Amino acid sequence: MDQQIDQSEQGQVNNEELIICSKIDGGMCGELLTLSQNKAEVFFVPTEAMLCDDTTIHAGFVFNAAAYASLCAINKKNSIIIGSETKFLAPIELGHELIFRANALQSEAKKCEVKVEGFLLDIKVFDGIFYVAIFDRKLFKLKLKDEKGPQ
């Protein structure tokens, strides 16, 4: 892609700070291009490791990029995806470059809906709604016992 947005090490895009998914591998889910309140745009380029046959990319990787875009659009700590309704409108092949545009339809509640559309050039290849729950604190804090047992 001709335009690559530089991200600082602090995880800022367009002067907005990325709060969630800041440690995620961009090679697996795409690179965050733009981030603003309730919106995000992700650039995704599949790799050979994502192939499920000679040229077709496994749909799970496409879903992963869309899910990443949805969480970035919400961009709130302790957010998790609790459901989705998705449509894969065309197969993705090696060499295709996709743009995912996420728009939070409601973001002030504890349960949010995010519309995500994926495009190959101007062709819509993915359409989905992601349901995101936002918690006040980390949902599960497990305290595992030491291997030696209680002392």
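## Close-up views of the predicted model

Phe 130 has a relative accessibility of 0% and is classed as buried; buried denotes a relative accessible area under 20%, exposed over 50%, and partly exposed the range in between, with a 1.4 Å probe and protein chains only. The model is predicted, so local features need pLDDT of at least 70 and side-chain atom pairs count only at pLDDT 80 or more, whereas totals for chains, interfaces and linings use all residues. Residues are numbered from 1 along each chain as its sequence is written, and side-chain values use heavy atoms, with hydrogens and water left out.

**View A. Aromatic cluster containing Phe 88, Phe 126 and Phe 130.** Rings of Phe, Tyr and Trp (its six-membered ring) are paired if their centres lie within 6.5 Å; planes under 30 degrees apart are stacked, over 60 edge-to-face, and the rest tilted. This rule gives five aromatic pairs. One of them joins Phe 88 and Phe 126 edge-to-face, with 5.4 Å from centre to centre and 70° between the planes. Because Phe 88 belongs to strand β5 and Phe 126 to strand β8 (residues 123-134), this pair ties together parts that are 38 residues apart in sequence. Phe 88 is partly exposed, at 40% relative accessible area, whereas Phe 126 is buried, at 0% relative accessibility. The rings of Phe 126 and Phe 130 are stacked, because their centres are 6.5 Å apart and their planes make 25°. The ring pairs link Phe 44, Phe 63, Phe 88, Phe 100, Phe 126 and Phe 130.

**View B. Six-stranded open sheet and helix α2.** Helices (H or I, at least four residues) and strands (E, at least two) are DSSP runs numbered from the N terminus; two strands pair if DSSP finds at least two bridges between them. The strand order is β3-β4-β6-β7-β8-β5, with antiparallel pairing. Strands β3 and β5 stand at the edges with a single partner strand each, so one side of each has no neighbour in the sheet. On average, neighbouring strands are turned by 20° against each other, direction ignored. Axes are lines fitted to C-alpha atoms, for helices over the stretch in contact, with angles from 0 to 180 degrees between N-to-C directions. Strands β5 and β8 pair in the antiparallel sense over nine bridges, and Ile 81 has Val 132 in β8 as its bridge partner. Helix α2 (residues 59-74) packs on the sheet, where it touches β3, β4, β5, β6 (98-106), β7 (111-120) and β8, and its direction makes about 130° with that of β5.

**View C. The β3-β4 hairpin.** Strands β3 (residues 31-36) and β4 (residues 39-44) pair in the antiparallel sense over five bridges. Ser 36 has Lys 39 in β4 as its bridge partner. Two residues lie between the strands, and Asn 38 in the turn has a positive phi of about 70°.

**View D. Surroundings of Glu 41 in strand β4.** Apart from neighbours within four places in sequence, Glu 41 is in contact (heavy atoms within 4.5 Å) with Glu 31, Leu 32, Leu 33, Thr 34, Ile 99, Phe 100 and Arg 101. Its C-alpha atom is separated by 9.7 Å from that of Tyr 68, 27 residues away along the chain.

**View E. Surroundings of Ser 79 in strand β5.** Ser 79, in the strand spanning residues 79-88, is buried, with a relative accessible area of 8%. Its side chain reaches the backbone oxygen of Lys 76 at 2.6 Å. With residues up to four places away in sequence not counted, Ser 79 touches Ile 20, Leu 71, Ile 74, Val 132, Ala 133 and Ile 134.

Note on methods: Polar contact = N/O pair within 3.5 Å; in protein donor to acceptor, adjacent residues only side chain to side chain.
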